Amino acid sequence: RCVMFDTAMRNGADRRHLVETALRDAIDHDTLLVRYQPIIELASGRVTGVEALARCRFRGEEMTPDEFIPIAEETGLIIPLGALVLRQACAQVAEWQRTIPGLEQLGVAVNRSARELMTEGSPLDVSAALTSSGLRPGDLCLEITESVLLKDGGASARALTEIRRLGVRIAVDDFGTGYSSLTYLKEFPVDILKIDRTFVWGLGPTVDDPGDLAIVAGVIDLAHAFGLTATAEGVETSAQLGRLKQLGCELAQGYFLGVPMTAEETTVWLVQAQSRVTPPARRSIGAQDDDGRRRVLVVDDDRSARTLLCLAFEGRDGFDVVAAASDGREAVALARHHRPDVVLLDLAMPGLGGLAALPLIRAVAPGADVIIVSSLDTGEVDRQLAASGARGFVAKGGDPERMHEAVMRILEGADDSLLVVAD
Ligand code: C2E
Ligand code: MG
Ligand code: MG
């Protein structure tokens, strides 16, 4: 007998072995990473949830699940891996619900593979993750692929029914790419159909691929006919988004709306998204503290600029400077503590810059009027600020008297438009 062997086979086997070792190591040492991708409601533009996506570091780089999930499934490592992702994601989303105003209903979608679903203790794992995080069952959605439903119909129906009895929702992921036996839509307890990204990519920008358009429209109609919600994956352009809206798709995710991010990045993203959807109520000029004085927080990394700003405002025209910060992080902490009425915010600072700090400041001090004080080119600032919710912009470097005047004019402005005051 003759057996052919080439080095590619060994390299493949070696790689699999190394990946398996890396996975085992990440599970044992709890260093598995979870990324979060926002899910948006198309009608309102609001973020309704995030999908948790696993990552594992291998030789200094992040592997994507397409490489390690199949190996995890074969080796059984998917069970501890899935449990870790589920626990971490539930805890993280419960924390966002508690800490970011307006996101009390934020949901989380977690992927489950066939092998996990069929495991004896699967519903127990789910309810344990809910209990330990305090997340409401209705805020968790498990995403399963069609193949799961076809593999062992009876057993998967039982597992799904048990999980759904907890109040957890079920989504069919990558809908349309498997065998697409539509029977299961009648028989399985499903809440959401996720339209696979390969179909979404066929939409726009100038003309739609007729086949993809028919499939996307068909899946959306099918979902509605069964009383289910449709979610589009892989939205990469505004044309795709527009088309999905026209077709009546409820939810969408994709790089155009938000890429998968670390928990820290997601926090900032969520806070920014919240401030875009619900700008804090504008306070009238008369709405100061009890004693009628406005409390100012000065933020600038440059010491002399900081001093200049403090001098321009302290004790004058009803302003009191309550604190000064030298970077964005300190600014957020001080804003949380002092709840200032006015924040004078520099943009270019080491560490957390003004633009990144702004939504966080607004989240912790929602009543504050934030005024950017910067030496950046005004056109650039104007563009950056259009959606940030700052009250106005004052060019830095001029005489303190004129900066004071400019801030007064912005605060007294009757309308909400950005007032750009060049020095
Ligand atoms: P999925 O559940 O369909 O996840 C969506 C995938 O599409 C993610 O890939 C995401 O990064 C990618 N994606 C999102 N928006 C766009 C876009 O606009 N353009 C493009 N080109 N791609 C986009 P990722 O993270 O590589 O995950 C791949 C698959 O791995 C997932 O597909 C899911 O089936 C599986 N997976 C991920 N995490 C887990 C997990 O914790 N457990 C299990 N069992 N499977 C997981
Ligand atoms: Mg998914
Ligand atoms: Mg998918």
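This report describes the metal sites, the ligand 1 site and several selected residues of a predicted model.

## Magnesium ion (ligand 2)

Four protein residues supply donors to the magnesium ion (ligand 2): Glu51 (OE), Asn111 (OD1), Glu143 (OE) and Asp173 (OD), at 1.9 to 2.3 Å. Their spacing in the sequence follows the pattern E-x59-N-x31-E-x29-D. Two of these donors link distant parts of the chain, with Asn111 in strand 4 and Asp173 in strand 6 (residues 169-175), 62 residues apart.

The accessibility of these two residues falls in separate classes. Asn111 has a relative accessibility of 29% and counts as partly exposed. Asp173 has a relative accessible area of 7% and is buried, because the limit for a buried residue is under 20%.

## Magnesium ion (ligand 3) and the bridge

The magnesium ion (ligand 3) is coordinated by Asp173 (OD), Asp174 (OD) and Glu233 (OE), with Glu233 (OE) listed twice, at 1.8 to 2.6 Å. In sequence, the donor residues are spaced D-D-x58-E. Asp174 belongs to strand 6, while Glu233 sits in the loop between strand 8 (229-232) and helix 11 (238-246), so this pair ties together parts that are 59 residues apart in sequence. Glu233 is buried, at a relative accessible area of 6%.

Which residue bridges the magnesium ion (ligand 3) and the magnesium ion (ligand 2)? Asp173 does, and the two ions lie 4.2 Å apart.

## Ligand 1

There are 27 residues around ligand 1, and those that come nearest are Glu51, Asn111, Asp173, Glu236 and Tyr255. Glu51, Asn111 and Asp173 are also protein donors of the magnesium ion (ligand 2).

Polar side-chain atoms approach oxygen atoms of ligand 1 at several points. For Asn111 the separation is 2.8 Å. For Asp174, an N or O atom of the side chain is 3.0 Å from an oxygen atom of the ligand. A polar side-chain atom of Glu233 also lies 3.0 Å from an oxygen atom of ligand 1. On its own, ligand 1 has 810 Å² of accessible area, of which the protein covers 89%.

## Arg112

Arg112 is placed in the loop between strand 4 (107-111) and helix 4 (114-118). Is this residue buried or exposed? Arg112 counts as buried, because its relative accessibility is 5%.

Its side chain takes part in two polar interactions. One reaches the backbone oxygen of Gly82 at 3.3 Å. The other is a polar contact with the side chain of Glu116, at 3.0 Å. Leaving aside residues up to four places away in sequence, Arg112 touches Gly82, Ala83, Leu86, Ser122, Val126, Leu142, Glu143 and Ile144. Glu143, in this list of contacts, is also a donor to the magnesium ion (ligand 2).

## Aromatic pairs

The structure holds 3 aromatic pairs. In one of them, the ring centres of Tyr36 and Trp96 are 5.1 Å apart and the planes stand at 80°, so the pair is edge-to-face. Tyr36 lies in strand 1 (residues 33-41) and Trp96 in helix 3 (residues 78-99), so this pair ties together parts that are 60 residues apart in sequence. Both Tyr36 and Trp96 are buried.

Phe313 and Phe319 form another pair: their ring centres are 5.1 Å apart and their planes are at 85°, so this pair is edge-to-face. Phe313 is buried, with a relative accessible area of 1%, and Phe319 counts as buried at 0% relative accessibility.

## Val299 and His337

Val299 is part of strand 10 (residues 294-299). At 0% relative accessibility, Val299 counts as buried. Not counting residues up to four places away in sequence, Val299 touches Ala325, Asp327, Ala331, Val343, Leu344, Leu345, Asp346 and Met349. Between the C-alpha atoms of Val299 and Thr229 there are 45 Å, and along the chain these residues are 70 residues apart.

His337 is found in helix 14 (residues 328-338). His337 counts as exposed, because its relative accessibility is 62% and the limit for exposed is over 50%. His337 and Asp221 are 116 residues apart in sequence, and the distance between them, C-alpha to C-alpha, is 51 Å.

Methods
Residues numbered from 1 in each chain as written. Chains lettered and ligands numbered in written order. Heavy atoms only, no water. Helix = DSSP H or I, 4+ residues; strand = E, 2+ residues; numbered from the N terminus. Buried < 20%, exposed > 50% of the residue type's maximum accessible area, 1.4 Å probe, protein only. Polar contact = N/O pair within 3.5 Å; in protein donor to acceptor, adjacent residues only side chain to side chain. Contact = heavy atoms within 4.5 Å. Donors = N, O, S within 2.8 Å, 3.2 Å for Na, K, Ca; no water. Near = heavy atom within 4 Å. Areas by Shrake-Rupley, 256 points an atom, 1.4 Å probe, with all protein chains shown as cover. Phe/Tyr/Trp six-rings, centres within 6.5 Å; stacked < 30°, edge-to-face > 60°.
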